[in-house]
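Thanks for sharing this one. Here are my notes, set out as numbered points so that you can follow them with the structure open.

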Amino acid sequence: METTDEALMTQVQADNLDQLVPLFERYHQPLFSFLCRLTGDREVSQDLTQNVFYRVLKYRASYHAGQPFRAWIYQLARNVHTDHWQQNRRPASDVDQIEHTASYGRSALAHAAATDRDAALQEALALLPADQREILVLHRFQGFDYAEIGELLGCTAGAARVKAHRALEALRKIYFS
């Protein structure tokens with residue numbers, strides 16, 4: 001039977017740092033994906049993901065037993081992203097990734113179309129205010145439900161649902177304009 005995230009984190013708090021390995025294995029890819037969607041830059045997102053796990057170690061005493069670990073680590077990720085944003089003021093974009101397409105055949109055209117759609121979506125997401133972008137990434141790409149988002153943002157599940165709806169409408173206007 002798999003040990004829960006909360007039980008593993010409690011062991012990490014008790015200085016059993018080997019228990020961070022399964023948490024890293026479970027969360028590094030989802031956190032990287034979350035941060036990549038927020039920043040639009042894979043290299044920066046890799047650095048930020050590493051910073052999240054550094055903060056897990058540094059601030060492990062701030063974790064409260066019984067608190068949902070997933071919400072706690074995503075709050076750390078939000079803080080890492082905010083700190084990065086404040087230090088750099090503008091997120092970098094990976095021009096090479098946007099320009100990359102396959103070169104031959106139908107698969108190249110399909111790949112180019114998918115890449116264009118992905119790039120257009122990322123561009124539209126980047127044009128949203130940070131709070132709207134964050135709520136869409138949490139819900140649509142990271143699978144958080146509205147109650148979890150409400151907990152992260154300090155509001156009710158209903159308020160989180162309304163914010164997500166407004167953010168989705170704003171994204172639609174940007175994407176289809």
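1. Let me begin with Thr 39 and Ser 45, whose side chains are joined by a polar contact of 2.8 Å. The model is a predicted one, so please read this distance, like every other value below, as computed from predicted atoms. Thr 39 belongs to helix α2. Is Thr 39 buried or exposed? Its relative accessibility is 7%, and because buried means under 20%, Thr 39 counts as buried.

2. Staying with helix α2, have a look at how it meets α7. Helix α2 covers residues 20-39 and helix α7 covers residues 130-141. Their axes come within 10 Å and cross at roughly 145°, and the crossing is right-handed. On the α2 side the contact is made by Phe 34, Arg 37 and Leu 38; on the α7 side, Arg 133, Glu 134, Val 137, Leu 138 and Phe 141 take part. Sorted by class, this contact has 5 nonpolar and 3 charged residues, with no polar ones.

3. Two residues of that contact turn up again around Arg 78, which sits in helix α4. Leaving aside neighbours within four places in sequence, Arg 78 is in contact with Phe 34, Glu 134, Leu 152 and Leu 153. Phe 34 is one of the α2 residues in the α2 and α7 contact, and Glu 134 is one of those from α7. The side chain of Arg 78 also has a polar contact of 3.0 Å with that of Gln 75. How does Arg 78 rate, buried or exposed? Its relative accessible area is 15%, and because the cut-off for buried is under 20%, Arg 78 is buried, charged side chain and all.

4. Helix α4 (residues 69-88) also holds an aromatic pair that I enjoyed looking at. Phe 69 and Trp 72 have their ring centres 5.9 Å apart and their planes at 40°, which makes the pair tilted. Why are the two separated by about one helical turn? Because they are 3 residues apart in helix α4. Both are buried: Phe 69 has 0% relative accessibility, and Trp 72 has a relative accessible area of 6%.

5. Phe 69 deserves a point of its own. Not counting residues up to four places away in sequence, Phe 69 touches Asp 5, Glu 6, Met 9, Leu 23, Tyr 27 and Tyr 63. The C-alpha atoms of Phe 69 and Asp 5 are separated by 6.0 Å, although the two residues are 64 residues apart along the chain. Which residues join Phe 69 in one aromatic cluster? They are Tyr 27, Tyr 63 and Trp 72.

6. The structure holds 8 aromatic pairs, and another of them is Tyr 175 with Phe 176. Their ring centres are 5.0 Å apart and their planes stand at 85°, so this pair is edge-to-face. Tyr 175 is partly exposed, with a relative accessible area of 30%, whereas Phe 176 counts as exposed at 66% relative accessibility.

7. Tyr 175 is also the final residue of helix α9 (residues 157-175), where Glu 169 has its place. A polar contact of 2.6 Å joins the side chains of Glu 169 and Arg 172. With a relative accessible area of 32%, Glu 169 is partly exposed.

8. One backbone detail to look at is Asp 15. This residue has a positive phi of about 65°, although it is not a glycine. Where does Asp 15 lie? It is in the loop between α1 (5-13) and α2. At 53% relative accessibility, Asp 15 counts as exposed.

9. To finish, here is the chain as a whole. It has 9 helices and 0 strands, so to speak an unbroken run of α elements from the N terminus on. Of the 177 residues, 34% are buried. Among contacts with a separation of 6 or more, 61% are between residues 24 or more positions apart. The pairing of Phe 69 with Asp 5, 64 residues apart along the chain, gives you a place to see such a separation.

Conventions: Residues numbered from 1 in each chain as written. Predicted model: local features only at pLDDT ≥ 70, side-chain atom pairs only at ≥ 80, totals over all residues. Heavy atoms only, no water. Axes fitted to C-alpha atoms, helices over the stretch in contact; angles between N-to-C directions. Helix = DSSP H or I, 4+ residues; strand = E, 2+ residues; numbered from the N terminus. Left-handed = near helix turned anticlockwise from the far one by under 90°. Contact = heavy atoms within 4.5 Å. Buried < 20%, exposed > 50% of the residue type's maximum accessible area, 1.4 Å probe, protein only. Polar contact = N/O pair within 3.5 Å; in protein donor to acceptor, adjacent residues only side chain to side chain. Phe/Tyr/Trp six-rings, centres within 6.5 Å; stacked < 30°, edge-to-face > 60°.
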